[in-house]
Amino acid sequence: MTRPPLLKVDNLSKVFVNHTGLFRKTVKTAFHPLCFTLERGQTLALMGDAGSGKSSLAKVLAGVLPPSKGSIYIDGEKIEAGDYKKRCQLIRMIFQDPGTSLNPRSRIGQILEAPLLLNTDLDPEQREALVLDTLRMVGLLPDHYHFYPQMISTGQKHRVALARALILSPNIIVADEAISNLDISVRSQIINLLLSLQQSLGLSYVLVANDLGVVRHISDQVILMHEGHVVEAGPTLRVLNNPQSEQAARLLQSYNNEYRWRPARF
Ligand SMILES: Nc1ncnc2c1ncn2[C@@H]1O[C@H](COP(=O)(O)OP(=O)(O)OP(=O)(O)O)[C@@H](O)[C@H]1O
C-alpha cells in the first residue's frame, strides 16, 4: 500500500464573517477552496500579493484559525479543528514577527517550557533537558535558558521562536513571513539553520515568502495566490521559470522587481 502524503489539504477555504451591528455583518473570503499535498522533508512556499490569503491559509493550517470548509489530513489522518493538543504535536507555527511574539516577562527557558507543560507529561528535569537540547539544536547556548527576550539579538529571537516551534517535535513547521524582515546576513543564517534542521529532522515547511531568491533557494513547491484564488501551483523551478498563465507571470514579475536576497555562505 502506498504511504499517504504527509500533509493533504482538501477543499480548504476560509471566510471571515464579522458582525458589525445587531443585524449587520461583513463577509470576506480570505481564500477559496483549495487542494494540495506536501511530502516529508519538502518545503512549500506560499506567494501572492497583499491580501491574497497567504497568512489566513498559514493560520488555518496551523490551527490558529478554524477553516470555514474543507479538511486537513496529516499522514492520512484527518485533523479535527478543535484538537489542539494533537495538532500542535504535528504542525507548529512561527509568527510574522517572532521578536514581538516572545513574552518579555518570561525567561527563554520558561517560554520553551510552556508548550511542554501544556502538551506533555514530562517531569521538570525532563523538561529542562529537552529545553537545553532544543536550544543547542537551534545554535543557542545553555546560558540562554536564563535570559529574557530583550537581552538577545533579533537573530537569536528568531532561533528561540524556531526552538519553541520545534520543541514538541512536529512534522511540519508553518512560518508566516518569519524571515522576510531580517537583514541579509541574519536571514541567511536562519535559512541555513532551517535547511540543516530539515535535513537532520526530516521536517516539512510551509513558508509564506515574499522574496523570490529565498523561494528559489529553499522551496520544492510553490503556490501562487491572488485575491484568495490559486493562480498557479507546482514545482518551484517550473512555476518560477515557466509560469503557465499571464496572471502568474505578472505576479512573478512584481516579485522580480523586489528581488533582494541571494544565498550566502557562512
Ligand atoms: N480577521 C479578519 N477579518 C476579516 N477579514 C480578514 C481578517 N483577516 C484577514 N482578512 C482579509 O482576508 C484577506 C486575506 O488576508 P491575508 O492576511 O490572509 O492575506 P495575505 O496574502 O497574507 O496578505 P499580506 O501579505 O498583506 O499579509 C484580506 O482581504 C484581508 O483583509
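Ala, Val, Leu, Ile, Met, Phe, Trp, Tyr, Cys and Pro count here as nonpolar, Asp, Glu, Lys and Arg as charged, and the others, Gly among them, as polar. With that in hand, the ligand site of this predicted model is a handy place to start. Around the ligand sit Phe16, Asn18, Lys28, Ala30, Gly48, Ala50, Gly51, Ser52, Gly53, Lys54, Ser55 and Ser56. Elements giving two or more residues to this shell are E1, strand E2 (25–38) and helix H1 (54–62). The biggest giver is H1, with three residues. Sorted by class, the shell around the ligand holds seven polar residues, three nonpolar ones and two charged ones.

H1 itself is mostly covered, with nine of its nine residues buried. The buried residues of H1 are Lys54, Ser55, Ser56, Leu57, Ala58, Lys59, Val60, Leu61 and Ala62. Lys54, Ser55 and Ser56 also turn up in the list of residues surrounding the ligand. Just after H1 comes glycine 63, whose phi is positive, at about 85°.

Back in E1, there is serine 13, placed in the strand that runs over residues 7–19. Serine 13 counts as partly exposed because it has 19 C-beta neighbours inside 10 Å, while a residue needs 20 or more to be buried. Setting aside neighbours within four places in sequence, serine 13 touches two stretches of chain: Phe31, His32 and Pro33, and then Pro67, Ser68, Lys69 and Gly70. A more distant partner for comparison is glutamate 113, which lies 100 residues from serine 13 along the chain, with 33 Å between their C-alpha atoms.Glutamate 113 leads on to the helices, as it is one of the residues with which H3 meets H4. The axes of helix H3 (residues 108–119) and helix H4 (residues 124–137) come within 10 Å and cross at roughly 120°. The crossing of H3 with H4 is right-handed. On the H3 side, the meeting residues are Gly109, Leu112, Glu113 and Leu116, and on the H4 side they are Arg127, Leu130, Val131 and Thr134. The classes in this contact of H3 with H4 come out as four nonpolar, two polar and two charged residues.

H3 also packs against helix H5 (residues 154–166), at an angle of about 25° and with the axes 8 Å apart. H3 and H5 are therefore roughly parallel to each other, since angles under 35 degrees count that way. This crossing, too, is right-handed. From H3, the contact takes Ile108, Ile111, Leu112 and Pro115, and from H5 it takes Val160, Ala163 and Arg164. Six of the residues in the contact of H3 with H5 are nonpolar and one is charged, with no polar ones. Leu112 is listed in this contact with H5 and in the one with H4 as well.

H5 has another helix to pack against, namely helix H6 (residues 184–201). The angle between H5 and H6 is about 25°, and their axes are 10 Å apart. That makes H5 roughly parallel to H6. H5 passes H6 in a right-handed crossing. Thr154, Gly155 and His158 of H5 come up against Val186, Gln189 and Ile190 of H6. In the contact of H5 with H6, four residues are polar, two are nonpolar and none are charged.

H6 also holds serine 185. Serine 185 counts as exposed because just 10 C-beta neighbours lie inside 10 Å, and the limit for an exposed residue is 12 or fewer. From serine 185 to glutamine 198, the step is 13 residues in sequence and 20 Å in space, C-alpha to C-alpha.

Two loop residues round off the picture. Serine 169 lies in the loop between H5 and strand E7 (172–176). Its phi is near 50°, a positive value in a residue other than glycine. Serine 169 counts as exposed, because it has 12 C-beta neighbours inside 10 Å. Glutamate 227 is found in the loop between strand E9 (221–226) and strand E10 (229–235). Glutamate 227 is not a glycine either, yet its phi is positive, at about 45°. With 13 other C-beta atoms within 10 Å, glutamate 227 is partly exposed.

Conventions
Residues numbered from 1 in each chain as written. Predicted model: local features only at pLDDT ≥ 70, side-chain atom pairs only at ≥ 80, totals over all residues. Helix = DSSP H or I, 4+ residues; strand = E, 2+ residues; numbered from the N terminus. Contact = placed C-beta atoms within 7 Å. Near = placed C-beta within 6 Å. Axes fitted to C-alpha atoms, helices over the stretch in contact; angles between N-to-C directions. Parallel < 35°, antiparallel > 145°, perpendicular 65-115°, else oblique. Left-handed = near helix turned anticlockwise from the far one by under 90°.
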